[in-house]
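Student: Could you walk me through a structure, one feature at a time? I would like to learn how to read each kind of feature.

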Amino acid sequence: MYEEVDVAGTDRTVETMSGGPAIVLVEPQLGENIGMVARAMANFGLSDLRIVNPRDGWPNEKAVAAASRADHVIEAARIFATVQEAVADLTYVAATTARPRYSTKPVRGPDEASAQMRLRVEAGQGCGILFGRERFGLSNEEVDLADEIVTFPVNPAFASLNIAQAVLLMSYEWMRSGNPFEGRPRFYAPDLSPAPKDDLYRLFDHLEDALETTGYFFPPEKRDVMVHNLRTMLTRAAFTEPEIRALRGVIRALQKGAPQA
């Protein structure tokens, strides 16, 4: 058992904060961890919890008990079968990991990542943060679906955080990013919103199918690495919806072949 500590006091008359980036848990194993994640989110004003294929099913009584009155987060949690489905409506996704990856994606600390997401959310873009499994985190294929990587400045000899700790750190930095930024520009260039992830993932499938028919993925044993490299390049570009439509039009034109003379 443990004793709960109310650090600053809880005012039940204050309206519950909500919004911010989606917290996406990928195949969490324990209901207690999901509940503690919901509690951490509620502590810092986050409310959009998305769960991919929870091991022990949903709803989960242990999650409710561990949430410690963060009922609005637990009750609104949504369940998805895949990561792609969970982030399909978002335009920016960050993947948390403690391990160096062979990807060339940008890597940010939690403070910088939260500040970037704050600007995106203020511009009306949907953002989300991926958190991996308790035992081994996110797979390389799942990291490939994200725009950037977030890693925490922890002791390299003991770098592992549990899900609730990682979510708590990101949630804290999210709330802290709401303070005025020193040196923040007075105005910005016109913002071009990236396309929803669902559009980007359809571009992945379309391009990979087209390349498959041309024999591009050769030798076969290198296919996974080649797909990884392509997805990393396409994700880093932050294409808008019109750009993705244009690219898919180019692929369709190439599939039809050059007109006969």
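Student: Let me begin with a helix. How many residues does helix α10 have, and what distance does α10 reach from its first C-alpha to its last?

Tutor: Happy to help, and please keep in mind that this is a predicted model. Helix α10 covers residues 241-256, which is 16 residues. From first C-alpha to last it reaches 23 Å, close to the 22 Å expected at 1.5 Å a residue. Just after α10 comes Gly 257, with a positive phi near 90 degrees.

Student: Which residues other than glycine have a positive phi here?

Tutor: Glu 27 is one of them, with phi near 50 degrees. Glu 27 is placed in the loop between β1 (22-26) and α1 (31-43), and its relative accessible area of 31% makes it partly exposed. Arg 69 is another non-glycine case, with phi of about 75 degrees. Arg 69 belongs to the loop between α2 and α3 (71-76) and counts as exposed at 55% relative accessibility.

Student: Next, the peptide bonds. Where is a cis peptide bond found?

Tutor: Look at omega. Between Trp 58 and Pro 59 the bond is cis, with omega of about 5 degrees; Pro 59 is in the loop between β2 (49-52) and α2 (61-66). Another cis bond runs from Phe 218 to Pro 219, with omega near -5 degrees. Pro 219 is in the loop between α8 (197-214) and α9 (223-236).

Student: How many aromatic pairs does the structure hold, and how should I read one?

Tutor: In general, a pair of aromatic rings is described by the distance of the centres and the angle of the planes. This structure holds three such pairs. In one of them, Tyr 201 and Phe 204, the ring centres are 5.7 Å apart and the planes are at 35 degrees, so the pair is tilted.

Student: Why are Tyr 201 and Phe 204 separated by about one helical turn?

Tutor: The general idea is that an α-helix has 3.6 residues a turn, so residues three or four places apart point the same way. Tyr 201 and Phe 204 are three residues apart in helix α8, and that is why about one helical turn separates them. Tyr 201 is buried at 3% relative accessible area, and Phe 204 is buried at 1%.

Student: Are the rings of Tyr 216 and Phe 217 stacked or edge-to-face?

Tutor: Their planes are at 75 degrees and their centres 5.3 Å apart, so the pair is edge-to-face. Tyr 216 is partly exposed, at 38% relative accessibility, whereas Phe 217 is buried, at 7%.

Student: Which charged end sits over the ring of Phe 217?

Tutor: That of Arg 223, at 4.6 Å from the ring centre. Elsewhere, Arg 118 lies over the face of Trp 174, 3.7 Å from the centre of the ring.

Student: Finally, the interior. Which residues have the most contacts inside the largest nonpolar core?

Tutor: Val 24, Val 87, Leu 130 and Leu 203 do, in a core of 33 residues. Two or more residues come from each of β1, α4 (83-86), β4 (92-96), α8, α9 and α10, and α8 gives the largest share, seven residues. Beyond its neighbours within four places in sequence, Val 24 is in contact with residues including Arg 50, Val 52, Ala 86 and Leu 130. Apart from this core lies another, of 31 residues, with Ile 74, Ile 129, Phe 131 and Trp 174 among them.

Definitions and conventions
Residues are numbered from 1 along each chain as its sequence is written. This is a predicted model: local features need pLDDT of at least 70, side-chain atom pairs count only at pLDDT 80 or more; totals for chains, interfaces and linings use all residues. Side-chain values use heavy atoms; hydrogens and water are left out. Helices (H or I, at least four residues) and strands (E, at least two) are DSSP runs, numbered from the N terminus. The expected span of a helix is 1.5 Å times one less than its number of residues. Buried means under 20% relative accessible area, exposed over 50%, partly exposed in between (1.4 Å probe, protein chains only). Rings of Phe, Tyr and Trp (its six-membered ring) pair if their centres lie within 6.5 Å; planes under 30 degrees apart count as stacked, over 60 as edge-to-face and the rest as tilted. A charge sits over a ring if NZ of Lys or CZ of Arg is within 6 Å of the ring centre and within 35 degrees of the ring normal. A nonpolar core is a set of buried Ala, Val, Leu, Ile, Met, Phe, Trp, Tyr and Cys residues joined through side-chain atoms within 4.5 Å. Contact means heavy atoms within 4.5 Å.
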